[in-house]
Amino acid sequence: MKWVYHLLATTGIALASASALADKPALTVYTYDSFVSDWGPGPIITKAFEATCGCQLKLVGLEDGAALLSRLKMEGKRSRADVILGLDTSLTGEAAATGLLAPHGVELSQLDLAINWSDKVFLPYDYGHFAFVYDSDRLTAPPTSLHALVNDAGGPKIIIQDPRTSTPGLGFLLWMRQVFGNDTSEAWKKLAPRILTVTKGWSEAYGLFLEEEALMVLSYTTSPAYHRHVDKTERYRAAAFSEGHYAQIEVAAKVAHSPNQSLADHFLAFMLTPEFQNIIPTTNWMYPATRSHSALPAAFNDLVSPKATLLFDASVVAHQRKIWIREWLDALSD
Amino acid sequence: MDPRVAGRALGLNPFSLLVRDAGWFGVVAFMLLIALVGGTLLVLLTASPTAVLSTQLADPYLYRVVGFTVWQASLSTLISVLLAIPTARAFARRDQFPGRGALLRLMGLPVVTPVIVAVLGIVAVYGESGLLNRYLEPIGLSWRGHFYGLTGILLAHVFFNLPLSIRMLLPAWERIPGENWRLAAQLGMTAGQRFRQVEWPALVGVLPGTVSVVFLLCFTSFSVVLILGGGPRATTIEVAIYQALRFDFEPGLAAWLALGQLGICLILVVALHRWLRAPPVSRGLKTGQPRALGFDSVSQRWFDGILLTAVCGFVALPLAAVIWLGLNGPLVRVLSNAALWSAAGRSALISTLATTLALALALGLTLSARRLSTRHRQRAAEGVLLAGSMTLAVPPMVIGSGLFLLLLPLGLTFDIATALVAIVNATLILPYLVRTIGPALMNSGARYQRLCLQLGMSGWQRFRLIDWPLLRKPLGFAVALAATLSFGDMGVAALFDTTGMLTLPVMLYHQLGAYRFNEAAVTALVLIVLCALVFIVVERLVGRWRS
């Protein structure tokens, strides 16, 4: 029976210490997996924010941006989130429609994105451009435009992600739509024979690419920076496309019914300070949303810098997403 | 007298009759299962407006998806089981060669390897730029340009399910009474006749369970089909369910699709069971094929040898690729990370919880199925076993989301996330347990029911003295499989919160998501080695534990 008392005693201590921690206000932030992982910005940001706020920062890691949105919809007004961080511009239209989010009230002039930003609810914290990453050991002359990629029947095989299950997949679908407009369906049909496979998420696609299954994979212009910074290799490069590259802008927003409004405001403001912004490049492998604070790490030198930044308005994506996914499905399953 | 008639004569209501015929343990297990699956589906159905449902459910694309799902699952099952029968027979006949035990354990590994790891291993060997293509291309043999599509899907499904089928079919040979072999020898039966008259009747006892588990696994396969399928031509219903729950957030649509999937699987599995009716079990004193009967011929030995080499090679190569990649990764850095070991600990906790729960449910279901069948309620018995394996047709994501919505009003979702993940995992592994324990218990029941009645043996005493000796080997395998499956399964952790739920598979996904493919390779190696260890330890502990 002795162990029962031990157990009770330890639970008691654990509960007591939990309530001691609970004396400090806690801010709950829903975000995605790779943000909270040991290699992501999460651990460093938690430390830095807790040092300034006199509070406890609780990061909740969900699978990805889409999971974040569906979790918010599932919980509705019962959500324990004070802030959600990690939606991108292809999901913000639907997130805004839930009516669960409140204006951020942050001064936007400090932003330095590839485009102008005036949204009152969603506050960007980093951004990047989609790009095809290729293996320069095996591909010496990558296509120089999306048109060339689509039209060259003898071109390299590519791996993309499914727009029904992944945000980069959806990003590429929108990119195609921006460049080909009403002819997108035809373009998909032309491209189809060179799509080696369509994976559920980014990791599967990139894994297959690293195993040399295809010459190109849909990723980001910043992917080569990782290989440079960590693997010390120049082998993997991003192909610059003359039509411009579709952007992914990652944003955070405050939950309207959260009881911790002032802490949430504090966090959103903190997001644009150098402490947060400076660690984004080498942990999230994206560009910081405010570039004025510090120079980018060397690994980010001479990456592909898109001639034009392509982006649909969030409300257009919210309205057209299902129709365009349908068009994609029909074009690729003939 | 028919017990139902007797019951009515005594004035018992149908429920107490059910409890009497099935045992309260079984009734409770059955009710829990129905409540879990039914409850979660119901919550999802009521969670979203159904106005647009009819147009979505009438989509012709959906029917093409259903068609493809049935087609690839049937082909995968057919190939896996047809290859498994002669291979299991070869394992049964060659019961003494060195390394046999190791090879059998190897057969338990593919199904417990996390899908993405296994797929990367398969691609490294059989893919477009895989090892095999690289060596075969110079001599003019190559499938470059043909791997992604049905070929890749079938290859991966056979990789996962052939070894599983072998392990699930093998006990059939161990249950053939020695007398039958002797009789076959006296009658001078040919190899073909022996298969039909001696082996097939034993095989039919385990075949329906094995075929239905494999079929359900292939039917609901998701990531494999997406990665290797080559595009949206090759998708399964599970993808549509995922999409409905994740991107579109239409829980109602997801629940209808899940119900549709459950319905189709149920019809196909019931049809299969009707077709493969188990013949009466032959009773005998000894099991095992006596060597002295002179059945063994040189050609048979060659056939078995080649078959075992080919099958084991096919399974071992991708696993070897995974191990090789892991050994070449940053071993020290990953292994010295304390987070890795606490993640392993959390995986072990979830696996223990899930396996205990699933084992309790499985024992309840199988014991009550036996009780029903000895009371001549064969259909009810089959129904109970079927219910236990149908959880494979309900996507874990659906059960997880349903449970989440159910518990949301209570505000408990954060605090009991571990328990939730364990419950969802338990439904995932229940079918393996039911389908492995079921046939063994039925067999023991058919053989010793009368003896037990004569001796007045029942309950715990009967379980310990009569059932256990026949049960412990298959049970050892089933529990080991269930524990490792749950250990290596990504499950629905990501649905709740991966920060507080950092299991080994979650950690692996974190690494992959952060470009850390080298570290992930080491984590995968650790995961496989731990799975193998858990497998061996559990199988030994349970399988050799004499009562």
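Counted over all chains, the structure holds 40 aromatic pairs, and since this is a predicted model, every value that follows is computed from the predicted atoms. A pair of aromatic rings is described by the distance of the centres and the angle of the planes. One such pair is formed by Phe270(A) and Phe276(A), whose rings lie 6.1 Å apart from centre to centre with 85 degrees between the planes, an arrangement called edge-to-face. Phe270(A) and Phe276(A) are both buried.

A further pair in chain A can be read in the manner of the one just described. The ring centres of Tyr287(A) and Phe300(A) are 5.6 Å apart and their planes stand at 75 degrees, so this pair, too, is edge-to-face, given that angles over 60 degrees count as such. The pair links distant parts of the chain, for Tyr287(A) belongs to strand β11, which covers residues 287-288 of chain A, whereas Phe300(A), 13 residues apart from it, sits in the loop between β11 and β12 (309-310). Tyr287(A) and Phe300(A) are each buried. They also belong to a wider cluster linked by ring pairs, whose members include Tyr127(A), Trp202(A), Tyr206(A) and Trp285(A), as well as Tyr515(B) and Phe517(B) from chain B.

From the rings we may turn to the cysteines. Over all chains the count comes to 1 disulfide, and this is the link between Cys53(A) and Cys55(A), whose sulfur atoms are 2.1 Å apart. The angle about the S-S bond is -90 degrees, and the link of Cys53(A) and Cys55(A) is left-handed. Both of these cysteines, Cys53(A) and Cys55(A), are buried.

Why does Cys218(B) form no such bond? The closest cysteine sulfur, that of Cys265(B), is 11 Å from the sulfur of Cys218(B), which is too far for a bond. Cys218(B) has a relative accessible area of 0% and is therefore buried. In the case of Cys531(B), the closest cysteine sulfur is in Cys312(B) at 19 Å, again too far for a bond. Cys531(B) counts as buried because its relative accessible area is 1%, and the limit for that word is under 20%.

The same limit can be applied to a residue in chain A. Asp64(A) lies in the loop between β2 (56-62) and α4 (65-75) of that chain, and, having a relative accessible area of 16%, Asp64(A) is buried. If residues up to four places away in sequence are not counted, Asp64(A) touches Tyr32(A) and Thr165(A).

Chain B, considered as a whole, has 24 helices and 0 strands. Of the 547 residues in chain B, 58% are buried. Among the contacts in chain B with a separation of 6 or more, 82% are between residues 24 or more positions apart.

Two helices of chain B show how such elements can meet. The axes of α7 (residues 115-126) and α15 (residues 298-327) of chain B come within 8 Å and cross at roughly 110 degrees. Because of this angle, α7(B) is roughly perpendicular to α15(B). On the side of α7(B), the residues that meet α15(B) include Val117(B), Gly121(B), Ile122(B) and Tyr126(B), and among their counterparts in α15(B) are Gly313(B), Phe314(B), Leu317(B) and Pro318(B). Sorted by class, the contact between α7(B) and α15(B) has 10 nonpolar and 2 polar residues, with no charged ones.

Notes: Residues are numbered from 1 along each chain as its sequence is written. Chains are lettered from A and ligands numbered from 1 in the order in which they are written. This is a predicted model: local features need pLDDT of at least 70, side-chain atom pairs count only at pLDDT 80 or more; totals for chains, interfaces and linings use all residues. Side-chain values use heavy atoms; hydrogens and water are left out. Axes are lines fitted to C-alpha atoms, for helices over the stretch in contact, and angles run from 0 to 180 degrees between N-to-C directions. Helices (H or I, at least four residues) and strands (E, at least two) are DSSP runs, numbered from the N terminus. Angles under 35 degrees count as roughly parallel, over 145 as roughly antiparallel, 65 to 115 as roughly perpendicular and the rest as oblique. Contact means heavy atoms within 4.5 Å. Ala, Val, Leu, Ile, Met, Phe, Trp, Tyr, Cys and Pro count as nonpolar, Asp, Glu, Lys and Arg as charged, and the others, Gly among them, as polar. Buried means under 20% relative accessible area, exposed over 50%, partly exposed in between (1.4 Å probe, protein chains only). Rings of Phe, Tyr and Trp (its six-membered ring) pair if their centres lie within 6.5 Å; planes under 30 degrees apart count as stacked, over 60 as edge-to-face and the rest as tilted. A disulfide is a pair of cysteine sulfur atoms within 2.5 Å.
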